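Reader: I'd like to learn how to read a few features straight off a model. Could you walk me through some?

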Amino acid sequence: MERRVLAKRNTGQPPVTGTQSLEGTESGLARIRAAAKREPKLQFNNLYHHITYERLHQAYFALKRKAASGVDNMSWAGYGERLDERLSDLHTRLQQQRYKPQPSLRVWITKENGAKRPIGITALEDKIVQQALAWILQSIYEEDFLGFSYGFRSGRSQHNALDAIYIAITQKKVSWILDADIQGFFDNLDHDWLLKFIQHRTSDKRILRLVERILKAGVEEEGVWSKTTVGTPQGSVISPFYANIYLHYVLDLWVEQWRKRKARGEVYIVRYCDDFVLGFQYRSDGEQILRDLKLRLQQFGLKLHKEKTRLIEFGRFAISNRKKRGQRKPETFDFLGFKHICGHRFSDGQFKLIRHTIMKRQRKKLKEVKEQLKKMRCVNVHDQGRWLRSLVIGVFNYFGVPDNRKSLEVFRTVICQMWIKSLRRRSQRGSNLSWKRFNQLVRHYIPVVRLIHPYPIQRWCV
């Protein structure tokens, strides 16, 4: 066959990429995002064809390799043994509307306060579909989400949210903090409201049907299936995206309008998924929005946790103002793993926001390490060292902020103490392990404390 020659009028243009190629699908999502940005009220009615074989293939490799198995008892590696065959069958069932999500496997984990929290483990095939669906819908909603929403969004992280609240407290007029907590958010998310919110931007009936099927797939616990009418499994791939959509309409847009119409002073909000903090210039604004927020959330099946929601005096002038009134030091609040404390610089006595690792979380982590070292007692010493090195580096990478060095040094010291105790209990000979030999292991495997993150004011990205 002869090679096809491009027409003269098209010689300056590249050939159009086929819709079944990865490049074509990526450019398709880019066009969706551009249209969503250009027309904020546009409803998309033809999105389902973007669930291609290539996108499912890409979604498979985006999943966590070592995640727990769901009701299908299928691991990531096991599914990949016949990957092309399985993805082809999955894609066919999706296009023919024969795909039916499996229920989530419910397990219970212990929270820091001793209470039990339900976690839903999704079947691996469903994780692939959810990841592909989330990418498609995110291409629309990333243009709608407001700037103070940081959770599970591309190019944003927990430290961006921590930087934002740091700048608001240290540079803006913030004298009061509302530390809010939505009680059982993922368990009480209303399906009907979520579908209505998605319909604001999507009128594709096939996409809406797929979203509804995922929501109503149910849960399985000890072999018994139960229907789900509210909530989304905490731990599933698409649940954080559902949370962002739900709170975008319920909370973000409402707070944006509230501070423009009702606030007397400056109001700031930073939200990471269902965890958010508000800062106020005046106490009256904080008290008023707390009353209004309770009514607002109640309309959508949500409520604030009575014990964990507090309005506290916090900011640059909180220490001096409370001292004049004969009150104690300002209370602290927790946000994204850090305890935020009102302090002062030793050099000039000026206000300083101090952030320390939450001790409950650090103790919980050390307890987990201790239990794991017991299980690894017969494992090669160097394998133990490599595992500990990876763990310690991960902790330092997240908690390595200014003023938190002491907490990290305590964490490192306790890790070393637990390790030498574990090694000395390996056998009778192990009890003779000298500190000199152990220090060589520590220097080789356990890194010294490093503060990875500079002060937020030094970041250009704040």
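Reader: Let's start small: is cysteine 416 buried or exposed?

Author: Cysteine 416 counts as buried, at 11% relative accessibility. Buried means under 20% relative accessible area, exposed over 50%, and partly exposed in between (1.4 Å probe, protein chains only). Cysteine 342 is buried too, with a relative accessible area of 4%. Before we go on, this is a predicted model: local features need pLDDT of at least 70, side-chain atom pairs count only at pLDDT 80 or more, and totals for chains, interfaces and linings use all residues. Residues are numbered from 1 along each chain as its sequence is written, and side-chain values use heavy atoms, with hydrogens and water left out.

Reader: How many disulfides are there?

Author: A disulfide is a pair of cysteine sulfur atoms within 2.5 Å. By that rule, the count is zero.

Reader: What about rings: how many aromatic pairs turn up?

Author: Rings of Phe, Tyr and Trp (its six-membered ring) pair if their centres lie within 6.5 Å; planes under 30 degrees apart are stacked, over 60 edge-to-face, and the rest tilted. The whole structure has 21 aromatic pairs. Take phenylalanine 197 and phenylalanine 300: their ring centres are 6.0 Å apart and their planes at 45°, so the pair is tilted. Phenylalanine 197 is in helix α8 and phenylalanine 300 in the loop between α11 and β8, so the pair ties together parts 103 residues apart in sequence. Helices (H or I, at least four residues) and strands (E, at least two) are DSSP runs, numbered from the N terminus. Both phenylalanine 197 and phenylalanine 300 are buried. They also belong to a cluster of linked ring pairs, with Phe185, Phe186, Trp193, Tyr246 and Tyr249.

Reader: Which charged end sits over the ring of tryptophan 193?

Author: For a charge to sit over a ring, NZ of Lys or CZ of Arg must be within 6 Å of the ring centre and within 35 degrees of the ring normal. Here the charged end of lysine 196 does so, 4.8 Å from the centre of the tryptophan 193 ring. Likewise, arginine 264 lies over the face of tyrosine 282, at 4.4 Å from the ring centre.

Reader: And helices: which residues of α13 are buried?

Author: An α-helix has 3.6 residues a turn, so residues three or four places apart point the same way. In α13, Gln362, Leu366, Val369 and Leu373 are buried. Down the axis, the buried residues fall within an arc of 55° (taken from the directions from the helix axis to the C-beta atoms), so they line one face. On the other side of α13, Lys360, Lys367 and Lys375 are exposed.
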